[in-house]
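The following paragraphs lead the reader through one structure, step by step. Please keep the sequence and the three-dimensional view at hand while reading.

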Amino acid sequence: MKRTISLMNEKNHYLEKFYALNEKELVNFMKDDFGNLEGFYETRERILEIIKYIDAQIELDQNRNPQMAAASSGAEKRAVLEALTIKDEYVARIIEQDLQVLACIESAKNSIIRELQDIRKGKKAVSGYRSPNFAQRLDEKA
């Protein structure tokens, strides 16, 4: 059971890293600075892979000793409950952050789409001023 508690605490450590990474990049995203977007997602993926590995180790531990939970001391049960409470808190905060990250990305995407539409309108307006006779006169002079 001690190994399981240790793994749960390690998982919470990586959830904290994930949360801190989100917090740092969210500040940049709110300033429309997406220069580190690729690195941000790569780092998140690496942290998620570590968390997935830790989850697999916890499950493996539980499958090896299914009676261990019943034989645990009160202190071990409290440690497990505390680790689960911390995990739940981080997960709730991370979900909230991810919604903010997605909103920032959506806003930037919409801004880019509007810019492209404005550019397209500008090109159409400029092409309306093009004189077809000018190209013919150049050909005649040549």
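A residue is called buried when its relative accessible area is under 20%, exposed when that area is over 50%, and partly exposed in between. Glu 106, with a relative accessible area of 37%, is therefore partly exposed. It should be kept in mind throughout that the model is a predicted one.

Glu 106 also introduces the salt bridges. Its partner is Lys 109, and the closest N and O atoms of the two residues are 3.3 Å apart. Both residues belong to helix α4, where three residues, about one turn of the helix, separate them. Lys 109 has a relative accessible area of 40%, so this residue is partly exposed. The spacing can be understood from the geometry of helices in general: an α-helix has 3.6 residues a turn, so residues three or four places apart point the same way.

A second salt bridge follows a similar plan. Glu 89 is joined to Arg 93, with 3.0 Å between the closest N and O atoms. These two residues are four residues apart in helix α4, which comprises residues 74-128, and so about one helical turn separates them. Glu 89 is partly exposed because its relative accessible area is 41%, and Arg 93 is partly exposed because its relative accessible area is 37%.

How many salt bridges are there by this rule? The count comes to six. One of them joins the side chains of Lys 11 and Asp 55, with a distance of 2.6 Å from N to O. Lys 11 lies in helix α1 (residues 2-30) and Asp 55 lies in helix α2, so this pair ties together parts that are 44 residues apart in sequence. Is Lys 11 buried or exposed? Lys 11 is buried, because its relative accessible area is 14%. Asp 55, by contrast, has a relative accessible area of 32% and is therefore partly exposed.

Helix α2 itself deserves attention next. The helix has 28 residues, and the distance from its first C-alpha to its last is 41 Å, close to the 40 Å expected at 1.5 Å a residue. Several residues of α2 are buried, among them Phe 40, Ile 47, Ile 51, Gln 57 and Asp 61. Asp 61 is found in this helix, which covers residues 37-64. The relative accessible area of Asp 61 is 9%, so the residue counts as buried. Which residues does Asp 61 contact, once its neighbours within four places in sequence are left aside? They are Arg 3 and Thr 4. With Arg 3 there is also a polar contact of 3.3 Å between the side chains.

The aromatic residues form another part of the picture. A pair of aromatic rings is described by the distance of the centres and the angle of the planes. By the rule applied here, the count comes to four aromatic pairs. Phe 29 and Phe 34 make up a stacked pair, with 5.0 Å from centre to centre and 15° between the planes. Phe 29 is buried because its relative accessibility is 1%, whereas Phe 34 reaches 22% and so counts as partly exposed. The rings of Phe 40 and Tyr 41 have centres 5.2 Å apart and planes at 65°, which means that this pair is edge-to-face. Phe 40 has a relative accessibility of 0% and is therefore buried, while Tyr 41, with a relative accessible area of 32%, is partly exposed. Together, Phe 29, Phe 34, Phe 40 and Tyr 41 form one aromatic cluster.

The path may now return to helix α4, in which Tyr 90 lies. Because its relative accessibility is 16%, Tyr 90 counts as buried. Where does the chain bring another residue to Tyr 90? Not counting residues up to four places away in sequence, Tyr 90 touches Asn 12, Leu 15, Glu 16 and Tyr 19. Asn 12 and Tyr 90 are 78 residues apart along the chain, and their C-alpha atoms are separated by 7.7 Å. Tyr 19 is linked to a residue already described: Arg 93 lies over the face of Tyr 19, at 5.8 Å from the ring centre. Arg 93 thus appears twice in this account, once over that ring and once in the salt bridge with Glu 89.

Note on methods
Residues numbered from 1 in each chain as written. Predicted model: local features only at pLDDT ≥ 70, side-chain atom pairs only at ≥ 80, totals over all residues. Heavy atoms only, no water. Buried < 20%, exposed > 50% of the residue type's maximum accessible area, 1.4 Å probe, protein only. Polar contact = N/O pair within 3.5 Å; in protein donor to acceptor, adjacent residues only side chain to side chain. Contact = heavy atoms within 4.5 Å. Salt bridge = Lys/Arg side-chain N within 4 Å of Asp/Glu carboxyl O. Expected span 1.5 Å × (residues − 1). Phe/Tyr/Trp six-rings, centres within 6.5 Å; stacked < 30°, edge-to-face > 60°. Lys NZ or Arg CZ within 6 Å of the ring centre and 35° of its normal.
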